[in-house]
Amino acid sequence: MTWNFETSGLDGQCDLFGVNIFQHPWHRTGEVAHVLDPHYGQPRVLPVYQVVLQGRAQRFAAGEFSNGVWGFYLPARP
């Protein structure tokens with residue numbers, strides 16, 4: 001699966017899917033996403049999570065880029 005960089009933000013303060021993603025429980029799917037760091041082009045392997053927002057499951061990959069700075073990726077649309 002291909003993943004696209006979506007956004008980054010400080011720990012506890014990042015909007016994803018129109019909400020502060022840190023205010024909702026994340027559930028690991030057991031999958032990983034192979035992505036490129038958007039600034040340095042370095043490959044990374046991030047866990048894939050699922051969150052339920054307004055009754056709808058949303059998947060994303062996330063990881064801490066540096067101390068307290070998180071990056072988020074979404075699956076590419078076909």
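Is Q58 buried or exposed? In this predicted model, Q58 counts as buried, because its relative accessibility is 17% and the cut-off for burial is under 20%. The residue sits in strand β6, so that strand is a handy place to start.

Strand β6 covers residues 56-66 and pairs with strand β5, residues 43-53, in the antiparallel sense, with 6 bridges between the two. Within this pairing, Q58 is the bridge partner of V51. Setting aside neighbours within four places in sequence, Q58 touches F17, Y49, Q50, V51 and L53. The link between β5 and β6 is a hairpin with 2 residues between the strands. One residue of that turn, Q54, has a positive phi of about 50°, even though Q54 is not a glycine. Unlike the buried Q58, Q54 counts as exposed, because its relative accessibility reaches 88%.

On to the next hairpin. Strand β6 also runs antiparallel to strand β7, residues 69-75, and 5 bridges join them. Here E64 stands opposite W70 of β7. This hairpin, too, has 2 residues between its strands, and G68 takes a positive phi near 80°.

F17 keeps turning up around these strands. Its place is in the loop between β2 and β3, the latter spanning residues 19-20. The phi of F17 is near 60°, which is a positive value in a residue other than glycine. F17 is partly exposed, because a relative accessible area of 29% falls between the 20% and 50% limits. Besides its contact with Q58, F17 is in contact with L53. Beyond its sequence neighbours within four places, L53 also reaches V19, H24 and Q58.

What about the nonpolar interior? In soluble globular proteins, nonpolar side chains tend to be buried together. The largest nonpolar core in this model holds 11 residues: C14, L16, I21, Y49, V51, L53, F60, A62, W70, F72 and L74. Strands β5, β6 and β7 each supply at least two residues of this core. Apart from it lies another core, of 8 residues, with W3, L46, A61 and F65 among them. A62 belongs to the largest core, whereas A61 belongs to the other. In a regular strand the side chains alternate between the two faces of the sheet.

The largest pocket has a volume of about 260 Å³. Its lining is made up of N4, E6, F17, R56, A57, Q58, R59, L74, P75, A76 and R77. Strands β1, β6 and β7 are the elements that give two or more residues to this lining, and the largest share, 4 residues, comes from β6. By class, the lining has 5 nonpolar, 2 polar and 4 charged residues. Both F17 and Q58 are part of the lining, and these two residues are also in contact with each other. L74 likewise lines the pocket and is a member of the largest nonpolar core.

Finally, a look at Q13, found in the loop between β1 (3-10) and β2 (15-16). Q13 is exposed, because its relative accessible area is 57% and the limit for that label is over 50%. Leaving out neighbours within four places in sequence, Q13 is in contact with N20 and F22. Q13 and V69 are 56 residues apart in sequence, yet their C-alpha atoms are 9.6 Å apart in space.

Technical notes. Residues are numbered from 1 along each chain as its sequence is written. This is a predicted model: local features need pLDDT of at least 70, side-chain atom pairs count only at pLDDT 80 or more; totals for chains, interfaces and linings use all residues. Side-chain values use heavy atoms; hydrogens and water are left out. Two strands pair if DSSP finds at least two bridges between them. Buried means under 20% relative accessible area, exposed over 50%, partly exposed in between (1.4 Å probe, protein chains only). Contact means heavy atoms within 4.5 Å. On a 1 Å grid over the protein atoms alone, a cavity is a set of points where a 1.4 Å probe fits but cannot get out, and a pocket is an open set with protein on both sides within 12 Å along at least five of seven lines; lining residues have an atom within 4 Å of a point. Grid points are joined across faces, edges and corners, and a volume is the space filled by probe spheres set on the points. Ala, Val, Leu, Ile, Met, Phe, Trp, Tyr, Cys and Pro count as nonpolar, Asp, Glu, Lys and Arg as charged, and the others, Gly among them, as polar. A nonpolar core is a set of buried Ala, Val, Leu, Ile, Met, Phe, Trp, Tyr and Cys residues joined through side-chain atoms within 4.5 Å.
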